[in-house]
Amino acid sequence: MPYTSIFFDLDDTIYPNQSGLWEAIRARMSQYMFERLGLPWERIPELRHDYFTTYGTTLRGLQKHYQVDADDYLAYVHDLPLEQYLQPSPALGPLLRSLPQRRWIFTNADADHARRVLSFLGILDCFEGIVDVRAIEFACKPETIAYQRALALAGQPEPARCVLLDDSPYNLAPARQMGFTTVLVGQHENGNLAAVHTIASILELPEVMPDLWEAAN
């Protein structure tokens with residue numbers, strides 16, 4: 001069965017996970033909790049861990065327990081100079097554009113952040129659209145409903161005809177159970193049960209899934 005849609009996670013997947021950008025975003029999350037909510041600094045790491053394991057993202061936990069304004073939070077945590085962390089890859093755009101399938105960004109972040117990153121990297125035009133936290137009504141990976149809503153937004157009812165690339169095994173596990181072909185991106189050990197394929201960067205995708213191009217030919 002030929003693939004028709006490919007979903008790409010954004011942070012630490014579209015760009016290398018050694019960039020430091022995601023670490024800086026996480027630091028801004030903690031700073032938000034300290035500055036905006038007045039939480040004790042020593043409690044914040046434990047709270048963020050609890051929110052991540054319980055709700056999938058820090059934002060979901062803060063919305064539930066502190067009724068934070070999502071727009072304020074997302075603007076704050078992503079307010080970073082991208083040029084200090086990212087460097088456009090000359091090979092990435094041509095690779096993405098050569099894929100015959102429809103391509104989507106599927107992120108727990110918001111579309112504003114995604115567009116900034118994709119524009120900086122010169123690949124905004126490579127994607128059909130952005131499935132962000134607002135588009136899926138603040139559900140988030142790894143909640144099953146997040147994948148169901150992403151499929152609906154992409155007009156793709158068959159997970160078996162979709163590929164998902166993500167740097168998080170937790171995000172890939174439910175997708176694989178639903179029928180996606182899953183690709184773990186980043187510096188991970190091979191053999192992760194959530195991933196059909198494991199690659200260090202998106203540029204290695206042709207090595208593990210040449211059938212993405214062969215089907216079109």
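## Two residues and a helix

Glu 128 is partly exposed, with a relative accessible area of 49%; partly exposed lies between buried (under 20%) and exposed (over 50%), using a 1.4 Å probe and protein chains only. This is a predicted model, where local features need pLDDT of at least 70, side-chain atom pairs count only at pLDDT 80 or more, and totals for chains, interfaces and linings use all residues. Residues are numbered from 1 along each chain as its sequence is written, and side-chain values use heavy atoms, without hydrogens or water.

Glu 128 sits in the loop between α6 and β3 (129-131). Helices (H or I, at least four residues) and strands (E, at least two) are DSSP runs, numbered from the N terminus. Beyond four places in sequence, Glu 128 contacts Arg 102, Arg 103 and Trp 104; contact means heavy atoms within 4.5 Å.

His 113 belongs to helix α6 (residues 111-121). His 113 counts as buried because its relative accessibility is 3%. Its contacts, leaving out residues up to four places away, are Leu 10, Asp 11, Ile 25 and His 78.

Both residues make side-chain polar contacts (N or O atoms within 3.5 Å; within protein, one able to donate a hydrogen and the other to accept it, with sequence-adjacent residues counting only if both atoms are side-chain atoms).

| Side-chain pair | Polar contact |
|---|---|
| His 113 and Asp 11 | 3.0 Å |
| Glu 128 and Arg 102 | 3.4 Å |

Ile 25 is also one of the buried residues of α1. Among the others are Leu 21, Ala 24 and Met 29. Their cover includes α2 (44-55), α3 (58-66), α4 (70-77) and α6.
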